[in-house]
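This report goes through one protein chain and its two ligands. Look at the chain as a whole before turning to the details.

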Amino acid sequence: MKIGLFGYGTMGRMIDSLARDRGHEVVARVDGPSDKVPFDRMEVALDFSQPEAAPENIIRCLRNGVPVVSGTTGWLERFGEVTALCESLGGAFLYASNFSLGMNLFFELNATLARLMTAAPGYRASMTEIHHTRKLDAPSGTAISLAEGIIAQGGYHAWQSDQGGEGVIPIRSERIGDTPGTHRVAYDSPVDRIEIQHTAHTREGFALGALLAAEWLVGKNGVFGMRDVLNLPGDREPDR
Ligand SMILES: NC(=O)C1=CN([C@@H]2O[C@H](COP(=O)(O)OP(=O)(O)OC[C@H]3O[C@@H](n4cnc5c(N)ncnc54)[C@H](O)[C@@H]3O)[C@@H](O)[C@H]2O)C=CC1
Ligand SMILES: O=C(O)C1=N[C@H](C(=O)O)C[C@H](O)C1
């Protein structure tokens with residue numbers, strides 16, 4: 001495939017290297033606002049940029065008929081606008097807050113545990129996410145997806161940074177060194193704690209998942225998530 005990369009930071013560079021290992025050609029590396037983007041040369045684009053840049057990058061890809069995968073977090077107040085545009089243009093867009101296979105399995109585990117916990121009202125949910133100190137957004141996109149996965153099972157109606165409350169899941173964000181991404185979901189009662197945790201050891205799982213998603217997306221029309229790529233059962237909305 002001929003690939004365009006939007007965002008050439010830590011993730012963009014890792015995807016570039018892995019894409020070439022998998023026999024793809026990277027035809028554009030866009031690392032800031034640019035008028036000279038060779039959309040006509042791209043079969044698919046991947047956006048791993050910044051919260052304020054991602055919507056415009058995605059919109060430009062869609063307007064130029066380029067299928068686009070985005071993993072950028074922190075811009076989802078514009079998600080509805082982007083998906084409506086994709087549908088009106090008959091384009092292809094795939095978003096995931098986390099492309100790693102392990103985290104997508106963890107999303108399922110999280111939903112199952114949340115469903116069980118609706119029968120145990122003595123427990124209170126809380127979450128912690130830990131990332132590297134360069135991260136611009138908090139809480140992480142993945143933490144928000146996990147919180148929404150719990151809310152979808154009933155028992156909670158909202159999440160909030162740091163502070164909880166009745167029906168509100170508190171999310172604590174820590175920024176430590178070069179941590180690739182750790183997410184913990186805990187349920188505390190006065191007498192015990194149940195907790196589940198996903199720890200990314202490297203960023204390679206994110207890069208590989210994003211490339212698998214890009215390979216999958218070419219030739220399709222619509223709005224998709226990682227559960228479509230992985231063919232997971234169920235009909236939840238794309239994870240975001
Ligand atoms: N969904 C997933 O699995 C993952 C998502 N991410 C997300 O991906 C994003 C990028 O992460 P990193 O590579 O670690 O960040 P980074 O800060 O290393 O790279 C972002 C790059 O975007 C560039 N940029 C700024 N404005 C731009 C524009 N208008 N067009 C194109 N590029 C522009 C910056 O110059 C920078 O090099 C973040 O939002 C992060 O949360 C990161 C890892 C996994
Ligand atoms: O910024 C990162 O690094 C990551 N961002 C994503 C998020 O916000 O959830 C995914 C992963 O945790 C790494």
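## Fold, domains and ligand surroundings

In this predicted model, strand β1, helix α1 and strand β2 form a β-α-β unit that is right-handed. The two strands of the unit, β1 (residues 2-6) and β2 (residues 25-30), run parallel and are joined by 5 bridges. Within this pairing, Phe6 of the chain stands opposite Val30 in β2. The helix of the unit also takes part in ligand surroundings: α1 (residues 10-21) gives 3 residues to the shell around ligand 1, the most of any element.

That shell consists of 26 residues, and the closest are Gly9, Met11, Ala53, Gly71 and Phe206.

Two domains make up the division of the chain: domain 1 covers 2-99 + 204-229, and domain 2 covers 101-199. Their C-alpha centres lie 27 Å apart. The contact between them takes 10 residues from domain 1 and 11 residues from domain 2. On the side of domain 1 that touches domain 2, the elements giving two or more residues are α6 (204-217) and α7 (226-229). By class, that side of domain 1 has 2 nonpolar, 7 polar and 1 charged residues.

Which residues surround ligand 2? They are Thr73, Ser97, Asn98, His131, Lys135, Ser140, Gly141, Thr142 and Gly181. This shell draws on both parts of the chain, with at least three residues from domain 1 and at least three from domain 2.

The table sets out the residue classes of the two ligand shells.

| Shell | Nonpolar | Polar | Charged |
|---|---|---|---|
| Ligand 1 | 10 residues | 14 residues | 2 residues |
| Ligand 2 | no residues | 8 residues | 1 residue |

The next topic is a sheet and the helices that lie across its strands. The sheet is open, has 5 strands in the order β7-β8-β6-β9-β10, and shows mixed pairing. Why is one side of β7 and of β10 left without a neighbour in the sheet? Strands β7 (158-161) and β10 (193-199) stand at the edges and each has a single partner strand, so one side of each has no neighbour there. On average, neighbouring strands of this sheet are turned by 20 degrees against each other, direction ignored.

One pair in this order is β6 (residues 124-131) with β8 (residues 168-175), which pair in the parallel sense over 5 bridges. Thr128 stands opposite Arg172 in β8. In a regular strand, side chains alternate between the two faces of the sheet.

Two helices lie across strands of this sheet. Helix α4 (residues 101-117) lies across β9 (182-188) and β10, and runs at about 165 degrees to β10. Helix α5 (residues 141-151) lies across β6, β7, β8 and β9, and its direction is at about 165 degrees to β6.

Two details of the backbone remain. Most residues other than glycine have a negative phi, and most peptide bonds are trans. The peptide bond from Ala138 to Pro139, however, is cis, with omega near -5 degrees. Pro139 lies in the loop between β6 and α5. Asp162 is not a glycine, yet its phi is positive, at about 70 degrees. This Asp162 is found in the loop between β7 and β8.

How values were computed: Residues are numbered from 1 along each chain as its sequence is written. Chains are lettered from A and ligands numbered from 1 in the order in which they are written. This is a predicted model: local features need pLDDT of at least 70, side-chain atom pairs count only at pLDDT 80 or more; totals for chains, interfaces and linings use all residues. A residue is near a molecule or strand if its C-beta atom, placed from the backbone, lies within 6 Å of it. Helices (H or I, at least four residues) and strands (E, at least two) are DSSP runs, numbered from the N terminus. Ala, Val, Leu, Ile, Met, Phe, Trp, Tyr, Cys and Pro count as nonpolar, Asp, Glu, Lys and Arg as charged, and the others, Gly among them, as polar. Two strands pair if DSSP finds at least two bridges between them. A crossover is right-handed if, with the strands pointing away from the viewer, the path from the first strand over the helix to the second runs clockwise. Domain bounds come from an automatic or database domain assignment. Two residues are in contact if their C-beta atoms, placed from the backbone, lie within 7 Å. Axes are lines fitted to C-alpha atoms, for helices over the stretch in contact, and angles run from 0 to 180 degrees between N-to-C directions.
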